[in-house]
Amino acid sequence: MSLILNAGEINRALRRISHEILEKNHGSAEILLLGIPTRGVVLSQRIASAITEIEESDVALGTLDITMYRDDLRMRPPRALLPTQIPAGGIDGKHVVLVDDVFFSGRTIRAALDALNELGRPKSVQLAVLIDRGHRELPIRADFVGKNIPTAKAESVRVHLQELDGDESVVIEGRSQL
Amino acid sequence: MAKLSDASVKKFPTLRGRTVVNLFFEDSTRTRISFEAAAKRLSADVINFSAKGSSLSKGESLKDTALTLQAMGADAVIIRHGSSGAPHQLARQRWMSGAVINAGDGTHEHPTQALLDAFTIRRHLKENNGDLNGVRVAIVGDVLHSRVARSNVLLLKKLGAEVVLVAPPTLLPVGVESWKVKVSYSIDDVISDVDVVMMLRVQRERMDDLFFPTEREYSRNFGLNFERIQSMKEKAIVMHPGPMNRGLEISADGADSARSVIVEQVANGVSVRMAVLYLLLGGATSRDLASQIGALS
Amino acid sequence: MKSWKINGALDADGAPITLLIENGILVETLSTSAFTEINAQGLTVLPGLVDLHTHVREPGREDSETVLTGSQSAVAGGFTAISAMPNTLPVADTAGVVEQVFRLGESHGLCDVFPIGAVTVGQAGEQLAELSAMNQSEAKVRIFSDDGHCVADPLVMRRALEYVKTFDGIIAQHAQDPRLTENAQMNEGEVSARLGLKGWPAVAEEAIIARDVLLAEHVDSRLHICHLTTAGGVEIIRSAKKRGVKVTAEVTPHHLLLTDVEAESYDPVFKVNPPLRTATDVMALREGLADGTIDIVATDHAPHPHEAKDCEWSAAAFGMVGLETAFSICYLTMVESGLMTLATLIDRMSTKPASIARYQDHGQLKVGRPANLLLVDLEARWTVERSELHSKSKNTPFNGMELPAVIEKTFHNGALVYDRRGM
């Protein structure tokens, strides 16, 4: 198991992403941050706090569970559903920024796009991820990336966050140490 | 699932490609439509089969129908039948390999009704969280012939609620002592102490089989009328699985009172049935696993 | 006719015995040297079993069983005499029908088939059938029953009991109050309440038994109670016998083992009339059979075609086949459990039934009497496989069960009518 990011590095990456989101969207007024459960929700909350601090005003925040839209549901027994909370005002006309921890095949984001399709018509959909580990299986890209990590497909990338896991780190498992 | 229903999205792709058959041997528009709505909101294909009035005699119908459904590739069959044990038969006999959902069999059980009832109670009395510990429920009416009562007793007790059955002795089953519930012959004795009053439908025809002398006497002793509603606890609710006999087991005041959550039960029914369908068909079914294994070998 | 010497067997008391058969009779010595010797080492020889309650279904319902297949099933179960219940199509309520059944049994030559005549015309419970004519026919009917239905009208029952005194006849009652059992599916109790199946209360059986015992006492006639199933019923019979009432009773093998809990599977193979009752009832029935309150075992062998059981419970027919498993089930529940000896079991399954029905050629191994007997290996075990039953119908509740006692050979009037290894 090797450490990729420590607590300090995670923090800095999130702060940079927050600035980049504000820069691209010319402020926070039309932004809607939607965290994809589970860890995307925590990350989106941190980005929201950072934005609030920088702009000195609140930013719209919600969660988007994509379980019902997954394309691999029938490969395993049924999965538990997680909450979807869209603030009043919905997604119409907003710059929706999806937030997730690890960007891998792209299928999760594809499901998220299908989910958004049913909810309304955003002005744009952007993607912020803490880690991009490559191996895309669909033509989807991220707008804001914390860190790019080249990985082998068989390896696993694990993000630990204080609120959920008790520590702050990003590690890779399954990497053979020569 | 209820939250999903509240949100503006009305339809999910989750069960796309799955075929669900409503196999109703007994009339029931209400339950059938509820299941149909649930299945369609998950994008499943729904086929309605009403065997009532079909020329096949009893007994033959079930097996032959099942074989037909198997040939049609039904992933799940929702069955309502007049004989207790029919869904068990369908599931056990392997005439078909899909999932079997009991939508009411004879006087035995009606599991999704109990689930939506428990869900409704929890929403109102437990802020939609956890179990039903400490909740007191009175189930009033024809317990003997009621599959809703049987399923509710099983589920409510499992969730920790306290149950009292209220009925004339003729409408309580011999052997009810083994259900570990309280029994009362008087609705007035219990009505001010309970948090939920669940009224069961009483069929007028029961009078012909001597279960009670007249409708008037039944209604006077066991009907939910205005005075009885007034004497209920402040936050207590009134439930009914429907369809109601207004004037017999429940007065118009009762059905339409502010305490009544009868309409909400119906909405919750769709959510609960969506959950059941999702759990049975949303993930890998035994058929899926079998063909996955087949594909690998 | 072949002559036989059966060597090396034990009798019901465990004593070694040699049997000689010539011209169909058990003899002291054989007059010929042309006999077949059977080495029966390790086997027990018993008088042929006698069933007073068998449904043979011919005439009219040959899709489930015929006199031939019923006889084949009987001899495979060690029975040398069965009694054909009259609920056929047409009902056996005339001399013509009972003679037809009797002759069919004779022509097949496997076991004796003694017809039971209906008590009332069409078993409708209203008008007495020509009981005397049936008694005087070739079939010599002595037992009458409306089995399948109860003789519910007390006056009809009284008259029937009185009438059969003419010829030492018996009325065998199927005790089931029709009003208390309308559309009933299984025993009324904890299990039926839970399963949502309409209950059949014990009192529906016991009330009729109590009434009929008093009637039999009043008119001083012979009453037989079919398929007793409740502890309450055993009590009523016990106190009636103490008072000297001429009542006899039977119990089926399945009621000595199975309870209403079997219905939890909703498998209609367990649906039977009268229904399976509780464990308490089963214990009382076993004790009753052991102490003689219940006189005999009778199978109530009730064959049904596949479709009649391959459906939901409430649509299924009532009944179980039982000729081929009867001895094993009774040996398991009564002898292996220590409640009675083998000799007593043979009294209940052969001697007493023959005596009640006055079947003179059955019930005992005695020199000078016809050779109706069976050879059984009490140490061996077998597994019930429904497809291997000789009966045309396969509705046995014991499918897959491992049971003691394997019947090897059955002789009827000195002829080898069943050989497990030969057939």
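Helices and strands here are DSSP runs, with helices of at least four residues and strands of at least two, numbered from the N terminus. Keep in mind that this is a predicted model.

**Exercise 1.** Work out where D220(C) lies and whether it is buried, exposed or partly exposed.

*Solution.* Start with the elements: D220(C) sits in the loop between α6 (202–219) and β13 (223–225) of chain C. Next, check the backbone: phi of D220(C) is near 55°, a positive value in a residue other than glycine. Finally, the relative accessible area is 42%, so D220(C) is partly exposed.

**Exercise 2.** Do the same for E127(B).

*Solution.* The loop between α5 (111–125) and β5 (136–140) of chain B holds E127(B). E127(B) isn't a glycine, yet its phi is positive, about 45°. With a relative accessible area of 71%, E127(B) is exposed.

**Exercise 3.** Classify the packing of α1(A) and α2(A).

*Solution.* Take the geometry: helix α1 (residues 7–25) and helix α2 (residues 39–55) of chain A pack at about 60°, their axes 9 Å apart. That angle makes α1(A) oblique to α2(A). Now the hand: the crossing is right-handed. Then look at who touches whom: the contact includes I10(A) and L14(A) from α1(A), and L43(A) and R46(A) from α2(A). Sorted by type, the contact residues are 10 nonpolar, two polar and four charged.

**Exercise 4.** Explain why C226(C) has no sulfur partner for a bond.

*Solution.* A disulfide needs two cysteine sulfurs within 2.5 Å. The closest cysteine sulfur to that of C226(C) belongs to C150(C), 10 Å away, so it's too far for a bond. Over all chains, the structure holds zero disulfides. As for its surroundings, C226(C) is buried, at 2% relative accessibility.

Definitions and conventions. Residues numbered from 1 in each chain as written. Chains lettered and ligands numbered in written order. Predicted model: local features only at pLDDT ≥ 70, side-chain atom pairs only at ≥ 80, totals over all residues. Heavy atoms only, no water. Axes fitted to C-alpha atoms, helices over the stretch in contact; angles between N-to-C directions. Parallel < 35°, antiparallel > 145°, perpendicular 65-115°, else oblique. Left-handed = near helix turned anticlockwise from the far one by under 90°. Contact = heavy atoms within 4.5 Å. Nonpolar A, V, L, I, M, F, W, Y, C, P; charged D, E, K, R; others polar. Buried < 20%, exposed > 50% of the residue type's maximum accessible area, 1.4 Å probe, protein only.
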